[in-house]
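Notebook open, model loaded. I wanted to go through one helix and the strands by it.

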Amino acid sequence: MKVTLQNEAGLTKVVKVGFSWTTFFFGFFPALFRGDLKWAAIMFIIEAILGSFTLGIGAWISGVVFSFVYNKIYIKELIEKGYKPADETAKAQLEQKQILSPTA
């Protein structure tokens, strides 16, 4: 499912909620292409370190873990930067997935 977030200037972003298939298949590259350099660097470093010690298996495992959490991390950072759900449906979906608290 996708939700639309909007900031005060009217800029909107459509973001996916839930499992990140792009992170699963492409590792840190989706974060890099989204402009999320902090998390792209974190994922790259963790995958490089774990992969070097485990002949690549550790990088694959960390990629699977990030696939489950990256979209949630990305949405939370957008909310911290001033983005808000564009409509009540988006707000309800974010509350259901416990990304947004009901009081926000």
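My entries on the helix come before those on the strands.

Ground rules: I'm working from a predicted model, where local features need pLDDT of at least 70, side-chain atom pairs count only at pLDDT 80 or more, and totals for chains, interfaces and linings use all residues. Residues are numbered from 1 along each chain as its sequence is written, and side-chain values use heavy atoms, with hydrogens and water left out.

**Helix α4**

I looked up α4 (helices are DSSP runs of H or I, at least four residues; strands are runs of E, at least two; both numbered from the N terminus). It covers residues 57–80, 24 residues in total, and spans 34 Å from first C-alpha to last, close to the 34 Å expected (1.5 Å times one less than its number of residues).

I checked for a bend and found about 45° at V69, taken as the angle between axes fitted to the seven residues ending there and the seven starting there.

Next, burial (buried is under 20% relative accessible area, exposed over 50%, partly exposed in between; 1.4 Å probe, protein chains only). Buried residues of α4 include F66, Y70, I73 and E77.

After α4 comes G82, with a positive phi near 110°.

**Strands**

I followed the side chains of β1: V3 and L5 share one face and are buried, whereas K2, T4 and Q6 point to the other and are not.

β1 runs antiparallel to β2, with five bridges (pairing takes at least two DSSP bridges). I noted V3 opposite V15 in β2.

β1 also pairs antiparallel with β3 (residues 84–85) through two bridges, and there L5 sits opposite P85.
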